Amino acid sequence: MPLDAPPPPDPAALEAMAAALEASGEYRVLRRIAPRPSLPVPQGAATRLGLVLDVETTGLDHGQDEIIELAMLPFTYGLDGTLYSVGEAFSRLRQPARPIPPEVTALTGLTDAMVAGQSFTPEEVAAFIGPAALVIAHNAGFDRRFAEAFCPDFAAKPWACSLHGVDWAAEGFEGRRLGDLAARHGLFFDGHRAVHDCQATLEILARPLPRSGVPALVRLLEAARRPSWRIWAEGAPFAAKDRLKARGYRWNGEANGRPRAWYIEVAEEQLEAETAFLRSEIYAGEVDVPMRRLTALERFSERG
């Protein structure tokens, strides 16, 4: 170390300063997300291996655009939602067939020079995900489609979505973006790189929720284990579109083999009430509406 170099900051002194600022009531201090220490697994406790996954891509269409960065962070968890340990991440770049669009570079920081000559194979990915019992993504409806298009082995894995699988609003959160959730916990991270997003997702899931007091991972696992039903309001009158939209229905206008119609996904216990609403309030009569039962194996995929 050069003689004139300042000494490294003392972590204890920094934490004391942060605590003093917070105690004043005039400041809020954000702490960088740090590696989580491992917990001992109780004797006889059943554990599973999970993966938090994030992709950066050249665009939004999984049929045409490509993955340029893939990160997968393995972790060991108990069936009760306890996070015991975090493993070594798979974090790789990949050169696409076409140049990275400028708007993607602006968002992710990834440039053509950074990914030049970089690659990984579906076989490498399949070997890494082999033991996993669950894959989590913070917007699984996006990430799962890209992941399966690159490596078909992802189709055999149950998936959970930390964006939609936890009722963040009911717990007092004003937003569901990773940055918003982290800030609410007094944390920050370097966003828009896949491995950093994985680390942030797992840290947020491991922390107790403000109102219920249970780790968010508990709520996510509960949601993933419950079956749900996708219902399409096929042939609904055009005049009913505002009522359907207000109730939470979304429009499917893509040529993807599903009905071109408004649709919603509801919990199994809500199925009867939802079909009764359609028959009485939308169709004004008995009608068979298309529906499909979904589990974590199909949810968020092209098969969902």
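The protein chain carries 33 positive and 41 negative charges. Their mean positions are 4 Å apart. These values, like every other value here, come from a predicted model.

Now take in the whole chain. Along the principal axes, the C-alpha atoms fill a box of roughly 85 × 50 × 45 Å. The secondary structure comes to 10 helices and 12 strands. Of the 304 residues, 42% are buried. The chain exposes about 16,400 Å². Carbon and sulfur atoms supply 54% of that area. Contacts also reach along the sequence. Among contacts with a separation of 6 or more, 66% join residues 24 or more positions apart.

Turn next to helix α5, which spans 140–150. Its buried residues are A140, D143, R144, F146, A147, E148 and F150. What covers them? The cover includes strands β2, β3 (67–78), β6 and β7 (159–161), together with helix α4 (122–129).

Strand β7 is worth a closer look. A160 sits in this strand. Is A160 buried or exposed? A160 has a relative accessible area of 3%, so it counts as buried. Leaving out residues up to four places away in sequence, A160 touches L134, V135, I136, A137, A140, L220, A224 and F300. One of these, A140, is itself a buried residue of α5. For a pair far from each other, take A160 and G285. They are 125 residues apart in sequence, and their C-alpha atoms are 36 Å apart in space.

Just before α5 comes a loop. N139 lies in it, between β6 (134–137) and α5 (140–150). N139 is not a glycine, yet its phi is positive, at about 120 degrees. Its relative accessibility is 29%, so N139 counts as partly exposed.

A second residue with positive phi is A284. Its phi is near 55 degrees, and A284 is not a glycine either. Where does A284 lie? It is found in the loop between α10 (271–282) and β12 (291–294). A284 is exposed, because its relative accessible area is 69%.

Empty space comes next. Rolling a probe the size of a water molecule over the atoms shows where such space is left. How many cavities of 30 Å³ or more does the structure hold? It holds 1. The largest cavity has a volume of about 30 Å³. V52, L53, D54, A137, H138, L178, D197 and T201 line it. Strand β2 (47–57) and helix α7 each supply at least two residues of this lining. The largest share, 3 residues, comes from β2. A137 in this lining is also one of the residues that A160 touches.

The largest pocket has a volume of about 1,500 Å³. Two or more residues of its lining come from each of α5, β7, α8, β9 (228–233), β10 (250–251) and β11 (262–267). Which element gives the largest share of the pocket lining? That is β11, with 5 residues. In total, 44 residues line the largest pocket. H164, R230, R250, E265 and F300 lie nearest its centre. F300 has appeared before, as a contact of A160.

Go back to α7, the helix that helps line the cavity. V195 is found in α7. At 16% relative accessibility, under the 20% limit, V195 counts as buried. Beyond its neighbours within four places in sequence, V195 is in contact with A71, A89 and S91. L163 is 32 residues from V195 along the chain, and their C-alpha atoms are separated by 17 Å.

Follow α7 (194–206) to its end and a loop begins. P208 lies in this loop, which leads to α8 (216–225). Which residues does P208 contact, apart from neighbours within four places in sequence? They are H185, G213, V214 and P215. H185 is 23 residues from P208 in sequence. In space, the C-alpha atoms of P208 and H185 are 9.5 Å apart. The loop with P208 ends at α8, and α8 is one of the elements that line the largest pocket.

Terms used. Residues numbered from 1 in each chain as written. Predicted model: local features only at pLDDT ≥ 70, side-chain atom pairs only at ≥ 80, totals over all residues. Heavy atoms only, no water. Helix = DSSP H or I, 4+ residues; strand = E, 2+ residues; numbered from the N terminus. Buried < 20%, exposed > 50% of the residue type's maximum accessible area, 1.4 Å probe, protein only. Contact = heavy atoms within 4.5 Å. Areas by Shrake-Rupley, 256 points an atom, 1.4 Å probe, with all protein chains shown as cover. Lys, Arg positive; Asp, Glu negative; His and termini not counted. Charge placed at Lys NZ, Arg CZ, Asp CG, Glu CD. 1 Å grid on protein atoms, 1.4 Å probe; cavity = no way out; pocket = protein on both sides within 12 Å on 5 of 7 lines; lining within 4 Å. Points joined across faces, edges and corners; volume = space filled by probe spheres on them.
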